[in-house]
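Student: Could you show me how to read a pocket, a small sheet and an annotated site from a set of atomic coordinates?

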Amino acid sequence: MTEFRVWAPKPERVRLYLDGTDGAVHEMRRSDDGWWRATVEAPPDARYGYLLDDDPTVLPDPRSARQPDGVHERSQLWDADSATWTDTGWSGRPIEGAVIYELHVGTFTPAGTFDSAIDKLDYLVELGVDFVELMPINSFSGPYGWGYDGVLWYSVHEPYGGPDGLVRFVDACHARGLGVLIDAVFNHLGPSGNYLPKFGPYLSSASNPWGEGINIADADSDEVRRYIIGCALRWMRDFHADGLRLDAVHALVDTTAIHILEELAAETDSLSTQLGRPLSLIAESDLNDARLITPRDQGGYGLTAQWDDDIHHAIHAAVSGERQGYYADFGSLASLAQTLRHGFFHAGTYSSFRRRRHGRPLDTARVPATRLLAYTCTHDQVGNRALGDRPSQNLTPGQLAIKAALALASPYTAMLFMGEEWGASTPFQFFSSHPEPELARATAEGRKAEFAEHGWDADDIPDPQDPETFQRSKLNWAEVGTGEHARLHRVYRELIALRHSEPELADPWLGHLVVDYDEDQRWIVVRRGRLAIACNLGTEPTSVPVTGEVVLAFEAPNVGGEATELPAHSFALLRSPREQT
């Protein structure tokens, strides 16, 4: 016998619709807490759904484990305990100081599945990364999309391979020593297939840029919070994930005394103890507020780490020269040095983009740099450009190498976005596959209107609903071993190897970091003990007041007695002689 249960305080009557049984519709019993239950005989792979009141539409289970026919159709039973695992020896690994590789399953390989991604794991091991971070893999409407429009958070997107495919992928990663992080979106629900409001008060009166907000603090929110936390813990418990990336946590409007992030962090720590392996929570936050990553016993939320867009902006604007939008306050070497030294550039200071003060200072004596993520590319920073163009489509190989050196040789936890390590020529554009014609049209028109306001020709903006937009965004793996792609790939591989082998590159304390620069000559030097990362961002050779043994370089430098001549758009990592005693 199988117990079916669903939280549905809104309807007066709930019935279970079960395929393949005598009397396919079963009445359910309601308890005072809004939960409905029915115990019936069902095969382990039964298709089922719920009928609410007198509506004849069969709705999927809000906690569905599998949606074989998409988010609008019936759910299917799937038992995590029956999954085949071989990772019993996996003891996990901490993310602090690691190298994370963000990827989108649908465009990482031509086939766009978990199984095809497994074929590339040996490549990632050779590259030297420690963790794979999967963009959202929960069920969303249509066969392909970014995944941030998820509506059934507990199930795995079927075109990727469903829950069994995810099990095989995580198991294969662990067999190779790779940790797995999953991008989880709890701040909004997608517009297509969102049936949760029919069951209960899942939505709040607040909204955010992506849709209606989630009810985590209004009346009857306790069970909604359990829905979120239960989903988060399930990825780590049932699917053996090593942690989560939490999307846009600044959009989680929580006015309760214990913020849902603090509650989730406490329960994650408890699960970590229970499982005997590290579990990590990484926040994407626009707040520049280190309370997220401050331990709970020190008044913080106790998350493991957070993305740091200021580092991205400072590096990108200084190297590329772009100044539009949120890059307006960045671009100088002074702003780059300030950000590298202090973690945040906007720290209670005026942001011209926001037209107000923003952020608060990071206590660098108490918060190690490894709780912040440094990166030169993310799905957002590429895909939310009008054309989805990568830095590799606009910068020289030397400029790309400088960006890599500044991020990977920094004291921060590092992250790459798939393909950046070889300067992939393919874009990563915004794509969707909403089946509803009106929603599809609104998505395409909204995208064009958004960028037309910023001066782009609307005709140049890719249509998210055009299947070619999705196809264009797939990586071209044939590039990896060719020409400048192969050269950049070698630099990334060697930088990551040095990050793992050089003790001075593992120092997490920003108080030990020294940064020198010359605004006019366009050079900057980041000193990590005896190691110095010297970069020439200019278009002409320049002399940099640093010397020593060349450990790694892009273009051969000329090392003199007191200075090093760096070619244009290049970097050199040098080790100074040990001081005589």
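Tutor: We begin with a term: a pocket is an open set of grid points with protein on both sides within 12 Å along at least five of seven lines, and its lining residues have an atom within 4 Å of a point. Keep in mind that this is a predicted model.

Student: Where does the second largest pocket lie with respect to the domains?

Tutor: It lies between domain 1 (2-59) and domain 2 (99-501), because both give residues to its lining. The volume of this second largest pocket is about 760 Å³, and among the elements that give two or more residues to its lining are strand E1 (2-7) and helix H6 (222-237). Of the 26 lining residues, Arg63, Ala65, Leu77, Trp78 and Arg234 lie nearest the centre, and the lining as a whole divides into 13 charged, 10 nonpolar and 3 polar residues.

Student: Which strands stand at the edges of the sheet that holds E1?

Tutor: The open sheet has 3 strands in the order E1-E5-E4, with antiparallel pairing. E1 and E4 (29-30) stand at the edges, each with a single partner strand, so one side of each is left without a neighbour in the sheet. Between E4 and E5 (residues 35-40) there are 2 bridges, and arginine 30 has tryptophan 36 in E5 as its bridge partner.

Student: Is aspartate 247 buried or exposed?

Tutor: Buried means under 20% relative accessible area, and aspartate 247, at 9%, is therefore buried. This residue sits in the loop between strand E15 (243-246) and helix H7 (260-275). An unreviewed UniProt entry places the feature "active site" at Asp247 and Glu284; although spread over 38 residues of sequence, they cluster in space, with a largest C-alpha distance of 5.3 Å.

Notes
Residues numbered from 1 in each chain as written. Predicted model: local features only at pLDDT ≥ 70, side-chain atom pairs only at ≥ 80, totals over all residues. Heavy atoms only, no water. 1 Å grid on protein atoms, 1.4 Å probe; cavity = no way out; pocket = protein on both sides within 12 Å on 5 of 7 lines; lining within 4 Å. Points joined across faces, edges and corners; volume = space filled by probe spheres on them. Helix = DSSP H or I, 4+ residues; strand = E, 2+ residues; numbered from the N terminus. Nonpolar A, V, L, I, M, F, W, Y, C, P; charged D, E, K, R; others polar. Domains from an automatic or database assignment. Pairing = 2+ DSSP bridges. UniProt positions renumbered as here; feature names shortened; annotations may be inferred. Buried < 20%, exposed > 50% of the residue type's maximum accessible area, 1.4 Å probe, protein only.
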